[in-house]
Amino acid sequence: MSKPLDYSKWDNLYDSDEEREKEKQKARWEAEEQRARAKRGCAQVYFKRMSILQGELRKNGLFYDIMDESTPDQFIELRWGLDTVSLFGNEVPCSELTRRPKLVYESDGPDSYHTIVFMSVKPMEVGKVPTEAPPVPNCPQWIHWIRINMKDIDDTSGEDVVEYAPPCPMEEMGTRRYFGVLYRQHSNQPMAWTGKKITKSEWNGRSGWFELRNFGETHKLKFLAANLVRTCNDSSVETTMKRFTDLVVTEEVQTTGSTEGPGKKEEA
């Protein structure tokens, strides 16, 4: 906060009130110009940072096969612990992702409502991302978590419409990308969820119906920020798979890895 100008030092320096007022006005203009330059400098730093974030998300494929390109409004951090944090594609063991992440993001206003989507997509070939996004996503998107109606920066508020399921990639799937995408809800109003809600013990219903582009458009969501981690199969996946009470692993899946048909394993 800038200090108010002290005009008392000019009171005895000028022969007339007119000269004194002219000098005071000049000082006001100079102070306003300094404040304007400071604001422009802050804006330039802000846009530069957002441009860097946009480039990182583009490099990791968010604007190719998942959603239309957009400049983020802010930074979001997904934190599973003090040392387990999303850093635009850093690799994290599955065993450290078993609980839903703490979300750290900037306030968008005390009366704002937010939605978070945490999802996995298939591996991306490095250096193979086109400059233009196709009109329809070309990769399966598997939903690990959707929470709506988070008030301001309180990520414990709101409602899980898809409860958190930890990453559980099969060994043959290699390393997968896991994106967390933050939205501001339309008109800063609570969202009325009309779809089926999915519990943490349900496997079915987490893929097939969901495309992030359509989800954002349907609910009139404003993209704010995104981040991601990468992970691959480890010993914790077997324990995670036992959570899903509706998952039937058939002999075909066990031997061939087929992902077709209800009740069989899909990529996660």
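1. Two strands count as paired if DSSP finds at least two bridges between them. Strand 8 and strand 9 (residues 222–231) meet that rule with nine bridges, in the antiparallel sense. One facing pair is tyrosine 183 and phenylalanine 223, the latter in strand 9. Keep in mind that this is a predicted model.

2. Strand 8 also pairs with strand 5 (residues 113–121). Eight bridges link them, again in the antiparallel sense. Here methionine 119 has phenylalanine 179 of strand 8 as its bridge partner.

3. Is strand 8 (residues 176–184) buried or exposed? Buried means under 20% relative accessible area. Eight of its nine residues are buried, so strand 8 is largely enclosed by the rest of the structure.

4. Now the whole sheet. Strand 8 belongs to an open sheet of six strands, in the order 3-9-8-5-6-7. Pairing in this sheet is mixed. Strand 3 (90–91) and strand 7 (159–162) are the edge strands, and each pairs on one side only.

5. Look at the strand 7 end. Strand 6 (residues 141–151) runs antiparallel to strand 7, and three bridges join them. Isoleucine 146 has valine 162 in strand 7 as its bridge partner.

6. There is also an open sheet of three strands, in the order 2-1-4. Its pairing is antiparallel. The edges are strand 2 (84–85) and strand 4 (102–105), each pairing on one side only.

7. Which residue in strand 4 is the bridge partner of leucine 78? It is leucine 103. Strand 1 (residues 76–81) and strand 4 run antiparallel and are joined by four bridges.

Methods:
Residues numbered from 1 in each chain as written. Predicted model: local features only at pLDDT ≥ 70, side-chain atom pairs only at ≥ 80, totals over all residues. Heavy atoms only, no water. Buried < 20%, exposed > 50% of the residue type's maximum accessible area, 1.4 Å probe, protein only. Helix = DSSP H or I, 4+ residues; strand = E, 2+ residues; numbered from the N terminus.
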